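Trainee: Hi! Could you walk me through this one? I have not looked at it before.
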Amino acid sequence: MNAEEAIDRAYERLGERIHEKFRCKDIARDIVTLAGMAEIYCADHHDDAQRVPFRSEATEAGVYPARKIPRLCPDCARHVRYGEVRRALCTRDPRPSCKTCSNHCYAPDEAAWQRTCMAYAGPRAMFRGHAIDAIRHLIQTRRS
Ligand SMILES: [Zn+2]
């Protein structure tokens with residue numbers, strides 16, 4: 001089962017719970033920050049013609065303020081959709097650093113993409129008006 005199928009399965013089995021989590025402010029903030037970082041990474045690495053306004057279960061659910069819906073290529077869109085579900089299903093509250101968490105919930109190649117994206121976009125995001133605390137939190141929790 002690839003990551004995309006895993007996410008489809010998660011929505012089939014846990015859709016209601018995921019949507020409930022999407023309404024949580026902290027979770028929504030993490031998701032919007034994650035997608036904002038993915039947008040920075042995508043804009044500098046991937047074909048502009050492929051990038052369209054992101055759509056996922058979370059965008060449909062209103063997790064993103066309209067002006068924060070990122071433009072992403074299909075590949076980055078898949079990674080962000082994956083991250084949305086993983087964040088929603090994190091059972092730790094408050095969420096610990098992912099690095100020190102005993103439950104490594106990301107599939108290995110998704111975790112690798114996440115690290116690459118954060119390492120590139122983190123320092124750049126600080127200069128583009130993103131909420132610095134939110135970014136700091138994400139970076140400190142994703143890097144390993
Ligand atoms: Zn991309």
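Mentor: Happy to, and let's begin with packing: the buried residues of helix 1 sit against helix 2 (25-45), helix 3 (57-60) and helix 4 (74-89). Keep in mind that this is a predicted model.

Trainee: Okay, and which residues of helix 1 are buried?
Mentor: They are Ile7, Ile18, Lys21 and Phe22.

Trainee: Let me pick Ile7. What does Ile7 touch, leaving out residues up to four places away in sequence?
Mentor: Ile7 touches Arg81, Tyr82 and Val85. There is also a long-range pairing to look at: Ile7 and Arg86 are 79 residues apart along the chain, with 8.8 Å between their C-alpha atoms.

Trainee: Why does Ile7 count as buried?
Mentor: Ile7 counts as buried because it has 22 C-beta neighbours inside 10 Å, and the cut-off is 20 or more.

Trainee: Back to helix 1 as a whole. How far apart are its end C-alpha atoms?
Mentor: Helix 1 covers residues 3-22, which is 20 residues, yet its end C-alpha atoms are only 20 Å apart. A straight helix would reach 28 Å at 1.5 Å a residue. Have a look at Leu14 too: a kink of about 95 degrees in helix 1 is centred there.

Trainee: Let's zoom out. How many helices and strands does the chain have?
Mentor: There are 6 helices and 2 strands. Reading from the N terminus, the order is α-α-β-α-β-α-α-α.

Trainee: And how much of the chain is buried?
Mentor: Buried residues account for 35% of the 144 residues. As for contacts between residues at least 6 apart in sequence, 74% of them join residues at least 24 apart.

Trainee: Now the core. Which residues of the largest nonpolar core touch the most other members?
Mentor: That core has 30 residues, and the ones touching the most other members are Ile31, Met37, Ala38, Leu72 and Val80. Helix 1, helix 2, helix 4 and helix 5 (108-125) each supply at least two residues of this core.

Trainee: Which helix gives the most to this core?
Mentor: Helix 2 does, with 10 residues.

Trainee: Met37 was on your list. What does Met37 touch, again not counting residues up to four places away in sequence?
Mentor: Met37 touches Cys117, Met118, Ala121, Gly122 and Ala125. Those five are also among the buried residues of helix 5, along with Trp113 and Gln114.

Trainee: So how do helix 2 and helix 5 pack?
Mentor: They pack at an angle of about 100 degrees, and their axes are 8 Å apart. Helix 2 is therefore roughly perpendicular to helix 5. On the helix 2 side, the contact is made by Gly36, Met37, Ala38, Ile40 and Tyr41. Helix 5 contributes Cys117, Met118, Tyr120, Ala121, Gly122, Arg124 and Ala125.

Trainee: What about Tyr41, is that residue buried or exposed?
Mentor: Tyr41, which lies in helix 2, counts as buried, with 22 C-beta neighbours inside 10 Å. Beyond residues up to four places away in sequence, Tyr41 touches Cys117, Tyr120 and Ala121. The C-alpha atoms of Tyr41 and Thr116 are separated by 8.8 Å, although these residues are 75 apart along the chain.

Trainee: Where is the kink in helix 5 centred?
Mentor: The kink is centred on Met118, and the bend is about 30 degrees. Helix 5 has 18 residues and reaches 25 Å from its first C-alpha to its last, close to the 26 Å expected at 1.5 Å a residue.

Trainee: One more, outside the helices. Where is Asp47 found?
Mentor: Asp47 is in the loop between helix 2 and strand 1 (52-53).

Trainee: And is Asp47 buried or exposed?
Mentor: Asp47 is exposed, because 8 other C-beta atoms lie within 10 Å, and the cut-off for exposed is 12 or fewer. To place that loop residue, find Cys73: the two are 26 residues apart in sequence and 7.4 Å apart in space, C-alpha to C-alpha.

Note on methods
Residues are numbered from 1 along each chain as its sequence is written. This is a predicted model: local features need pLDDT of at least 70, side-chain atom pairs count only at pLDDT 80 or more; totals for chains, interfaces and linings use all residues. Helices (H or I, at least four residues) and strands (E, at least two) are DSSP runs, numbered from the N terminus. Two residues are in contact if their C-beta atoms, placed from the backbone, lie within 7 Å. The expected span of a helix is 1.5 Å times one less than its number of residues. The bend at a residue is the angle between axes fitted to the seven residues ending there and the seven starting there. A nonpolar core is a set of buried Ala, Val, Leu, Ile, Met, Phe, Trp, Tyr and Cys residues joined through C-beta atoms within 7 Å. Axes are lines fitted to C-alpha atoms, for helices over the stretch in contact, and angles run from 0 to 180 degrees between N-to-C directions. Angles under 35 degrees count as roughly parallel, over 145 as roughly antiparallel, 65 to 115 as roughly perpendicular and the rest as oblique.
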